[in-house]
Amino acid sequence: MKLTLTSPQIEYQHSLRQLLERECTVELVRSLRNPDPAPVPPQLWSALVRVGFLGLPFDGEVGGEGGSLLDLGLAYQEAGRVLCPTDVYSTMAFGLAVDRLADDDVRKDLIGRIAQGQLRGTSALWHPDGELDRPAVQARYAAGRWRLSGRLGFVPNVEASDYLLVAAQTSEPTRPEQTVIVLLRLPAEGVTSSRVMTFGRDSQFTVDLRDVAVTDDAVISRHDAGSAEAGSVHWLRNADLALRCAEMVGGAQAVLERTLDYVRTRHQFGRPIGGFQAVQHQVADVRIGVDGARLATYQALWWLAEGELAERFTVIAKACCNEAYKRATLTAHQLHGGMGYLRETDLHLWSERAKVTELTGGAVDVQMRRLAGALGLGATA
Amino acid sequence: MRFDYTDKQLAWRDELRTFLDREVSDELLEEIRHGGSDVRGPLVTRFRKAVGDRGWYGLNWPVEYGGLGLTAVEQQMLIDEFTARGVPGPDLTATSVAPMIMRHGTEANKADWLPGIARGEITCAVGYSEPDAGTDVASLSTRAELDGDEWVINGAKIWNSIAHIATHEWLCVRTDPAAPKHKGISVIMVPIDSPGIEIQPLVAWSDLRTNLTYFADVRVPARNLIGEVNRGWSYITGALDLERGALASAMQLRVILDDLMAFCSTHLLDGVRLADRAEVRHRLAALDADVEVARLLNLESASLIEDGQVPTIPATEAKIFQSELRQRVADWGTQLLGMYGQLDWHDREAPLRGRIERLYREAPLMRFGAGANEVLRDVIAQRGQGLPRHDR
């Protein structure tokens with residue numbers, strides 16, 4: 001039992017922080033927003049390749065860096081601080097799913113290219129609010145081909161992606177329903193997407209699949225509910241959630257630091273406002289929340305890296321991060337007053353990300369329902 | 001970084017559990033239930049001796065001071081295992097006073113006090129607060145004056161818990177009234193049976209006894225002064241940092257919450273299984289998440305101690321978080337139980353033998369004790385985040 005990071009982990013985070021502060025400035029973040037989202041600049045992407053970010057959690061034999069999920073989480077934490085473009089997260093989630101579900105040939109091909117920065121992907125394997133319901137897409141098999149139809153909501157970065165990994169429910173008259181995970185090369189016939197307008201101005205899309213025809217080769221997993229492969233999807237969902245938590249911890253830390261800088265230097269009544277007890281207590285509460293969220297997140301990542309589902313720990317982490325990040329931003333608004341309210345002050349960029357990440361993967365009601373289930377408190381009725 | 005116990009730690013936990021299986025009887029638990037932590041009946045005394053015989057009160061001290069050389073994490077494991085069984089673990093004497101003697105005491109201090117503390121034979125009431133010096137402890141006015149080779153002490157200490165069962169008083173006194181208030185304070189070990197000491201009981205809302213202790217011309221040998229004269233303020237603040245850490249074991253809340261969840265899942269209250277209600281499940285889950293966070297905050301502090309750091313800020317965060325969570329567990333717990341939440345623990349129908357209502361009455365202490373949470377938030381902001389003091 002040891003809840004402190006090792007020296008190499010701290011050093012890696014530190015070097016990544018310096019790189020991202022240089023390559024992912026707030027000006028860049030702002031330039032990537034609406035109305036026409038610009039593609040992520042090649043310079044940032046190649047910097048991420050250079051430090052091994054994009055290959056971090058994958059084995060050396062498929063072209064990765066051989067790090068753990070916790071290592072990737074530490075990288076996400078740094079990315080979260082600077083509001084790194086979400087293409088990084090959707091590509092890594094795609095890569096983790098391919099790595100876990102696909103056969104070796106596909107893994108070597110795709111993971112290697114992800115690590116080299118040559119491929120971007122996105123995925124829709126569960127409901128965006130984190131529920132593992134029946135997939136929204138139907139898969140019918142006819143004449144040697146699968147045909148996929150359905151609508152997917154809130155899929156990130158589809159238009160910048162080379163691949164879309166999608167879960168579908170089979171519908172065959174003679175066989176029980178199964179889930180298939182299909183690898184779609186984009187653009188694909190029958191796949192259309194339209195961008196939704198989010199208040200964070202990030203790139204999320206509604207994706208329509210109309211009779212999209214794919215061969216068996218494209219199906220990288222076909223499984224029954226309750227099978228080991230369904231467990232793999234569950235693990236992927238939790239890993240994605242825990243990684244998102246790490247991003248949220250980083251974002252919350254950045255907001256707290258901005259706020260501290262402000263209250264140390266802003267003078268009113270002849271003294272720094274950070275000297276007032278009412279201000280200090282709000283700062284202390286943010287700090288306590290962020291530290292709890294950080295530890296809960298590391299715990300979830302560590303157990304997931306050990307191969308566990310870590311259902312309870314993951315959900316606890318998400319519940320903590322939801323609150324900690326949001327509270328950091330809303331407290332920051334209160335302590336900055338008007339000086340944090342103007343768009344030109346940038347604070348709102350984090351405030352929007354805090355709300356987006358809270359809703360994605362589930363806000364408090366989703367987490368408490370899942371946690372009650374993990375605790376065996378389900379209703380008998 | 002590792003979130004699981006090592007094999008060595010698991011073996012240690014097995015050793016603890018084997019010991020507790022053997023030593024904890026229903027009779028011992030009943031004695032504790034009726035007496036609380038302020039009574040030391042014959043069975044508790046015997047249990048404490050069994051712990052002391054193993055040197056477990058000093059388990060994380062260096063071997064040279066009579067300790068076992070184990071780590072802060074292993075001490076946390078002991079406290080957790082003991083708490084889970086509802087029996088007393090090491091008190092502040094072992095977790096907060098002794099480390100200050102090791103760090104600041106003279107060689108004579110160490111020889112005089114540490115072996116007895118390790119065996120559990122010496123236990124101290126901590127004399128910080130006075131009727132007119134509460135949160136502002138540094139304004140204390142109890143005086144000690146050197147007369148030949150003896151200190152002569154006059155004054156009074158309040159919130160002097162366990163003075164009536166302790167062997168000694170870890171007493172903070174003013175030894176230089178002319179110096180600035182933080183610079184004229186010393187710490188003296190005072191045998192509690194010294195002539196001139198009068199202990200008056202004060203009974204708290206929680207039923208627990210604390211004391212108002214008077215010192216009138218109490219004489220103790222000069223060698224009982226800890227470390228150097230007039231340097232006591234740093235010893236007290238160091239001890240208070242450790243006290244916060246030691247108070248913060250989340251295991252008591254874990255046990256109560258687990259029992260509350262089991263109760264809500266299995267018992268019918270007026271024909272209703274509480275866990276069938278979504279709002280009950282939601283509240284229990286929210287408490288479960290927070291109790292887990294409290295556990296992690298403590299473990300982080302223990303890990304930092306293992307790394308040779310003094311975890312002032314993490315331990316302070318843990319104290320604030322846990323003390324407020326404690327109140328919330330008790331508050332929500334009584335609410336979930338509806339009208340039954342008010343039943344006193346003596347009532348035969350009290351759910352969970354009244355532990356929730358007792359917790360509700362015990363919880364305020366942790367919020368204002370060992371540094372009021374308001375002051376501790378200042379500590380986090382000022383010492384942890386570098387914000388200015390209020391007077392600057």
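At 46% relative accessibility, Asp261(A) counts as partly exposed in this predicted model, because its value falls between the 20% and 50% limits that separate buried from exposed residues. Its salt-bridge partner is Arg264(A), and the side chains of the two residues meet at 3.2 Å, taken from N to O. Arg264(A) counts as partly exposed as well, with a relative accessibility of 32%. Both residues belong to helix H7 of chain A, where they sit three residues apart, or about one turn of the helix. An α-helix has 3.6 residues a turn, so residues three or four places apart point the same way.

Helix H7 of chain A also holds a second pair, Arg244(A) and Asp240(A), which are four residues apart and therefore separated by about one helical turn. These two residues form a salt bridge in which the closest N and O atoms are 3.7 Å apart, a separation that still satisfies the rule because the cut-off is 4 Å. Here the surroundings are described by another class of accessibility: Arg244(A) counts as buried at 15% relative accessibility, and Asp240(A) is buried too, with a relative accessible area of 15%.

A further pair of this kind is found in helix H6 of chain A, which covers residues 104–115 and in which Arg113(A) and Asp109(A), being four residues apart, are separated by about one helical turn. The salt bridge between Arg113(A) and Asp109(A) brings the closest N and O atoms to 3.0 Å. Arg113(A) is partly exposed, with a relative accessible area of 23%, and Asp109(A) is likewise partly exposed, its relative accessible area being 38%. Over all chains, the count by this rule comes to 58 salt bridges.

Some of these salt bridges pass from one chain to the other, and between chain A and chain B the count is seven. One of the pairs linking the two chains is Lys2(A) with Glu306(B), whose closest N and O atoms are 3.0 Å apart. Across the same interface, the rule for polar contacts finds 23 residue pairs, both residues of each pair being at pLDDT 80 or more. On the side of chain A that touches chain B, the elements that give two or more residues are helix H7 (228–265), strand S10 (271–272), helix H8 (277–305), helix H9 (311–336) and helix H11 (364–374) of chain A. Of these, H8(A) gives the most, with 17 residues. Sorted by class, this side of chain A has 28 nonpolar, twelve polar and nine charged residues.

The extent of the interface can be stated in two further ways. The contact takes 49 residues from chain A and 50 residues from chain B, while the area buried between the two chains is about 4,400 Å², of which carbon and sulfur atoms give 62%.

Away from the salt bridges, helix H5 of chain A (residues 87–101) offers a simple check of geometry. At 1.5 Å a residue, its 15 residues should span 21 Å, and the end C-alpha atoms are 21 Å apart, which agrees. As for its environment, 14 of the 15 residues of H5(A) are buried, so this helix is largely enclosed by the rest of the structure.

The loops of chain A hold several backbone features that deserve a look. Where does the chain carry a cis peptide bond? The bond joins Leu186(A) and Pro187(A), with omega at about -5 degrees, and Pro187(A) is found in the loop between strand S5 (179–185) and strand S6 (191–196) of chain A.

Two residues other than glycine have a positive phi, and each lies in a loop between strands. Asn157(A), with phi near 55 degrees, is found between strand S3 (145–156) and strand S4 (163–170) of chain A. Phe269(A), whose phi is also near 55 degrees, lies between strand S9 (267–268) and S10 of chain A. Is each of these residues buried or exposed? Asn157(A) counts as buried because its relative accessibility is 4%, under the 20% limit, whereas Phe269(A), at 77% relative accessibility, counts as exposed because that value is over 50%.

Note on methods. Residues are numbered from 1 along each chain as its sequence is written. Chains are lettered from A and ligands numbered from 1 in the order in which they are written. This is a predicted model: local features need pLDDT of at least 70, side-chain atom pairs count only at pLDDT 80 or more; totals for chains, interfaces and linings use all residues. Side-chain values use heavy atoms; hydrogens and water are left out. The expected span of a helix is 1.5 Å times one less than its number of residues. Buried means under 20% relative accessible area, exposed over 50%, partly exposed in between (1.4 Å probe, protein chains only). Contact means heavy atoms within 4.5 Å. Buried area is the accessible area (1.4 Å probe) that two parts lose on being put together, summed over both. A polar contact is a pair of N or O atoms within 3.5 Å; within protein, one must be able to donate a hydrogen and the other to accept it, and residues adjacent in sequence count only if both atoms are side-chain atoms. Ala, Val, Leu, Ile, Met, Phe, Trp, Tyr, Cys and Pro count as nonpolar, Asp, Glu, Lys and Arg as charged, and the others, Gly among them, as polar.
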